[in-house]
Amino acid sequence: MHDVRFPTAAAGDGSDAINRGDYSATYVVLETAGGVRGFGLTFTNGRGNELTCAAVEALGHHVVGHDVGELCTAEGARTLTADVQLRWLGPEKGVIHMAAGALLNAVWDLRARLAGVPMWRLLAELPTADLVAAVDFRHISDAITPEEAAALLDRGLEGYAERLERATREGFPAYTTSVGWLGYDDEKVRSLTRQAVKDGWTAVKMKVGGPIDDDVRRAGIIRSEIGPGSLLMMDANQVWDVGEAIANMERLVAFDPYWIEEPTHADDVLGHAAIQRALGERCRVATGEVGANRVIFKQLLQAGAIGIMQVDACRVAGVGEVLAELLLAARFGVTVCPHAGGVGLCEYVQHLSFFDYLRVGRSMEGRMIEYVDHLHEHFTDPVRVAGGRYLLPERPGYSVEMRPESIAHYAYPAGPAWSA
């Protein structure tokens, strides 16, 4: 296990209405007796790594010496998420849940590597019974049952070859957040947006949540550069109260946002529902990057609180819980556009979106994967994006193996990036 931190704060990369810090990863390496290794991580911010690294150490004994296949079932994953002493610190949320996710993602990466296939293919071609067995239906069976999940997955087998051919040929739609970090000045925003248009991007996202007049001005700059035919998304990173979100969006809807992301506190299901009712068809409400678990997503969907669901590969307890969330979204007919960026999130979620298209949601309509253009150089199998679309990953695994030299340079606190 490694504590890896990148000094992103100084340049304003990743800056938003609440967060300022150094993008970091609690990075896990598992190895079989035969020498095959699996890699997983959870994304944090600076000193957050101190806690998630300690939690990984506390949970690691549930993985060491255990069978990979068993750990990829709901029952196996529950040995981590329902640890009889550590669950008290959640339950199933926060530091413990994220640490469980790092370990379980490494287990699934190992499973894909042992099978010799990329993660998306491993998932998309698993038998329905194996996928259902990976999902913990406790506390969500009032929204989706194992039988309903199996029916959705079985339908995903119909037309699979045609969808795979399309995914291979076209890739998957993406949008870029790199143009609109809150710490960038107006000229940098304009320059980056203009370059994004030249590079073929037709969907971009900006951060909001500063002084509203500044948000309006910056939205005007970006909309003027991308033109009326491109999509503009906005992200408030939870900074607004419910009434404040509604009032501010009454001004910002003039710029035709496709969605407003995290307009209020992530746990405020009814608040999100109130905002969505107020905005109606003028703008979708989106959230999920810090959605703690499948139960929060269930409630957001049941309450009609979101028009876009944003799963995060690191926030929840690994692949099995993401499967639950994708199935819930399909059950309620809500579009999934994963959260990415950070450290390794783009590498992770590309697999999840391709799997969702191939086996669960079965559509690219209105669906996009977030793309942020930094830190990919630290991975051995980085994302490939061309013409505003993710290309289908080809190498075995979950794409989050970090380069040894990057680990050595950015290890905290002894790496040269921090000790100089």
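This briefing describes the strands, helices and cysteines of one structure. The model is predicted. It includes an open sheet of 3 strands with antiparallel pairing, and elsewhere strand 5 and strand 6 pair in the parallel sense. A search of the whole structure finds 0 disulfides.

**The antiparallel sheet**

- The open sheet has the strand order 1-2-3, and its pairing is antiparallel.
- Strand 1 (2-5) and strand 3 (37-45) stand at the edges with a single partner strand each, so one side of each has no neighbour in the sheet.
- From one strand to the next, the twist averages 25°.
- Strand 1 pairs with strand 2 (residues 23-31) in the antiparallel sense over 4 bridges.
- Arginine 5 stands opposite serine 24, which lies in strand 2.
- Helix 1 (residues 48-59) packs on this sheet and touches strand 1, strand 2 and strand 3. The direction of helix 1 makes about 20° with that of strand 2.

**The parallel strands**

- Strands of a sheet pair through backbone hydrogen bonds, in either a parallel or an antiparallel arrangement.
- Strand 6 (residues 231-235) is mostly covered, with 4 of its 5 residues buried.
- Strand 5 (residues 203-207) pairs with strand 6 in the parallel sense over 5 bridges. Methionine 206 has methionine 234, in strand 6, as its bridge partner.
- Between strand 5 and strand 6 the chain passes through helix 10 (residues 212-226), forming a right-handed β-α-β crossover.
- Strand 6 also pairs with strand 7 (residues 257-261), in the parallel sense and over 3 bridges. Here the bridge partner of methionine 234 is isoleucine 260, in strand 7.
- The chain crosses from strand 6 to strand 7 through helix 11 (residues 242-252), and this β-α-β crossover is right-handed.

**The cysteines**

- A disulfide is a covalent bond that joins the sulfur atoms of two cysteines.
- The structure contains 0 disulfides. For a pair to count, the two cysteine sulfur atoms must lie within 2.5 Å.
- The sulfur of cysteine 53 cannot form such a bond because the closest cysteine sulfur, in cysteine 314, is 13 Å away, which is too far.
- Cysteine 72 is likewise in no disulfide, and the nearest cysteine sulfur, that of cysteine 314, is 16 Å away.
- Cysteine 53 is buried, with a relative accessible area of 9%.
- Cysteine 72 is buried as well, its relative accessible area being 3%.

Note on methods. Residues numbered from 1 in each chain as written. Predicted model: local features only at pLDDT ≥ 70, side-chain atom pairs only at ≥ 80, totals over all residues. Heavy atoms only, no water. Buried < 20%, exposed > 50% of the residue type's maximum accessible area, 1.4 Å probe, protein only. Pairing = 2+ DSSP bridges. Helix = DSSP H or I, 4+ residues; strand = E, 2+ residues; numbered from the N terminus. Axes fitted to C-alpha atoms, helices over the stretch in contact; angles between N-to-C directions. Contact = heavy atoms within 4.5 Å. Right-handed = clockwise from strand over helix to strand, strands pointing away.
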